[in-house]
Amino acid sequence: MNPIYCKYSNDRAEQFQIKTAIYQDENGQRTVQKSPLGPAAEKHVEDIHRHYLKMRESYEGTLFTPNKCKKTADGVQLEFVEGETFEQYLDSLYIQGRYLDIVEEIKRYKEILYGLPDNIPFRYTEEFDRIFGEKTLFTDAESLKVSNIDLIFGNVVMGETWTVIDYEWVMDFPVPVEFILYRAIHYYLYSSTKRNALISFQLFQLLGIPAEKLQTYAEMEHAFQRHVAGKKHTMAELKKEMLKLYVNARGMQPNRDMDFVQIYIDCGEGFSEETSVKKGYFYSKKEIELELELPKGVKKVRIDPAASAVIIKGLYVWGDNRQLECSKCNGLVLNGGTYIFGTEDPQIFVASVEDVKVLQVKFSVLELTEEWKKDVAALTGNYEKLEEELAGQVLLNSRLAAEKDQAQQYIDQLHSKRLWRIYEKVKKILRRR
């Protein structure tokens, strides 16, 4: 058996450090071998075989089947499965521009997950809190007895049955199925820049994952990665540290002076990179200007003024020499066309663009410091909650007003009947006289 591939996962905590190797014999037959890199990781490797037995029982009679696994003297051996992964299948649709088909296929994937027979109500455990954090709050969530949280699209090979080829991260306690789906979508969208056109489709919401849960799931994922890494830095932390912008001596503004504005156009098929226009600019420029001819049939326009947390000042959006209204955004709105964004993906939606031929955009920009980003993000979250509460209050007031009108009508009816009775009595008295 000759090794043709080898990977050392030594960037993890000691109890999770393993070696993964692919071997090939003289007949071209391949196998996968996973071995612990030290005594501390022996249980982790043994658990792979134990979880294989659990998943084989759990998936019986379903489309899923776990990759065959058996114990060896120095770890576990798994079957080398060839074929098209679900991720590769989705990419083939992506290349053809069949974005809506991608959504439908992921919906089918979701139905498979929620249709597994060992679906049970979620309940909190000490292990869940230890690995995924104690700040979560789930009510009426569905989960699985065998919670393979790494059911990402690249780990599933399609065929008559769908083979789960990697199940290193299986939990022995309930984990919300929605989080497993979130991870699958998240890693499909963000593990490669080649799928950027899908980001504007809001796949999470289309697949039924509410926007308010995304932050919770992101924090759960961060807590899980921190659990796996132990005292080591995760790859995400290393990237963040290595790509950190230099700041000046006062620490007020990053020494980064360039960004870009991107305008997305929706003609009925959603926002996409292909139908967007991008223009770079320098923060030092007093005013950024962009003029764009819109195609016929335009339904919606979205302006992404930067790719970082910024303050937008003096925003003016014109269409055919008339000012257009900015209907909503994911930041804070102040007077005078000023917007503050605590997110690195600021978005402004423009209303009433159906008949516009030429769009003109003008604004100036100032990047936020790291200190301000957190404060603005918190304020934005509070503002959105207040808007929801206000909308609820308006609805309640409308209901109360309607009930008050009904009550008043009833009182008026009673009053009218009483007056009529009094009038009839007076008429009778007058007749007697």
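The paragraphs below go through a predicted model, from the chain as a whole to its helices, one loop residue and its sheets.

The secondary structure of the protein chain amounts to nine helices and 23 strands. The chain has 433 residues, and buried residues make up 39% of them. Of the contacts in the protein chain between residues at least 6 apart in sequence, 69% join residues at least 24 apart.

Helix α3 covers residues 99–114. With 16 residues, α3 reaches 23 Å from its first C-alpha to its last, close to the 22 Å expected at 1.5 Å a residue. Its buried residues are Tyr99, Ile102, Val103, Glu105, Ile106, Tyr109, Ile112 and Leu113. Glu105 is thus listed as buried together with Ile102, Val103 and Ile106.

Helix α5 has 14 residues and spans 20 Å between its first and last C-alpha, close to the 20 Å expected at 1.5 Å a residue. Eleven of the 14 residues of α5 are buried, so this helix is largely enclosed by the rest of the structure. The buried set consists of Val177, Glu178, Phe179, Ile180, Leu181, Tyr182, Arg183, Ala184, Ile185, Tyr188 and Leu189.

One neighbour of α5 is helix α7. Two packed helices are described by the angle between their axes and the distance between the axes. The axes of α5 (residues 177–190) and α7 (residues 211–229) come within 10 Å and cross at roughly 85°. That angle makes α5 roughly perpendicular to α7, because 65 to 115 degrees is the range for that description. On the α5 side, the contact involves Glu178, Phe179, Tyr182, Arg183 and Tyr187. On the α7 side, the residues are Lys213, Leu214, Tyr217, Ala218, Met220, Glu221, Phe224 and Gln225. By type, the residues of this contact between α5 and α7 divide into eight nonpolar, one polar and four charged. Among the α5 residues that meet α7 are Glu178, Phe179, Tyr182 and Arg183, and these four also appear in the list of buried residues of α5.

Phe138 leads back to α7 from another part of the chain. This residue lies in the loop between α4 (126–132) and β8 (142–144). Is Phe138 buried or exposed? Phe138 has a relative accessible area of 11%, and because buried means under 20%, it counts as buried. Leaving aside residues up to four places away in sequence, Phe138 touches Phe122, Tyr124, Phe128, Pro176, Thr216, Tyr217 and Met220. Tyr217 and Met220 also take part in the contact of α7 with α5. Phe138 and Lys213 are 75 residues apart in sequence, yet their C-alpha atoms are 9.8 Å apart in space.

The strands can be taken in order along the chain. An open sheet of three strands has the order β4-β11-β10, with mixed pairing. Its edge strands are β4 (64–66) and β10 (156–157), each of which pairs on one side only. β4 and β11 (residues 162–164) run parallel and are joined by three bridges. Within this pair, Phe64 has Trp162 in β11 as its bridge partner. Strands β5 (residues 69–72) and β6 (residues 75–79) pair in the antiparallel sense over four bridges. A hairpin connects β5 to β6 through two residues, and Thr72 stands opposite Gly75 in β6.

A five-strand open sheet follows the order β14-β13-β16-β22-β19, and its pairing is antiparallel. The edge strands are β14 (276–282) and β19 (326–329), each pairing on one side only. From one strand to the next, the twist averages 20°. Seven bridges join β13 to β14, and in β14 the bridge partner of Tyr264 is Ser276. β13 (residues 258–266) is also joined to β16 by five bridges, while three bridges join β16 to β22.

Ile303 in β16 links these last two pairings. Ile303 is the bridge partner of Ile263 and stands opposite Ile348 in β22. Four of the five residues of β16 (residues 300–304) are buried, so the strand is largely enclosed by the rest of the structure.

Beyond β22 comes Ser352, in the loop between β22 (348–350) and β23 (358–367). Although Ser352 is not a glycine, it has a positive phi of about 55°. Its relative accessibility is 49%, and it counts as partly exposed.

Definitions and conventions. Residues are numbered from 1 along each chain as its sequence is written. This is a predicted model: local features need pLDDT of at least 70, side-chain atom pairs count only at pLDDT 80 or more; totals for chains, interfaces and linings use all residues. Side-chain values use heavy atoms; hydrogens and water are left out. Axes are lines fitted to C-alpha atoms, for helices over the stretch in contact, and angles run from 0 to 180 degrees between N-to-C directions. Angles under 35 degrees count as roughly parallel, over 145 as roughly antiparallel, 65 to 115 as roughly perpendicular and the rest as oblique. Contact means heavy atoms within 4.5 Å. Ala, Val, Leu, Ile, Met, Phe, Trp, Tyr, Cys and Pro count as nonpolar, Asp, Glu, Lys and Arg as charged, and the others, Gly among them, as polar. Two strands pair if DSSP finds at least two bridges between them. The expected span of a helix is 1.5 Å times one less than its number of residues. Buried means under 20% relative accessible area, exposed over 50%, partly exposed in between (1.4 Å probe, protein chains only).
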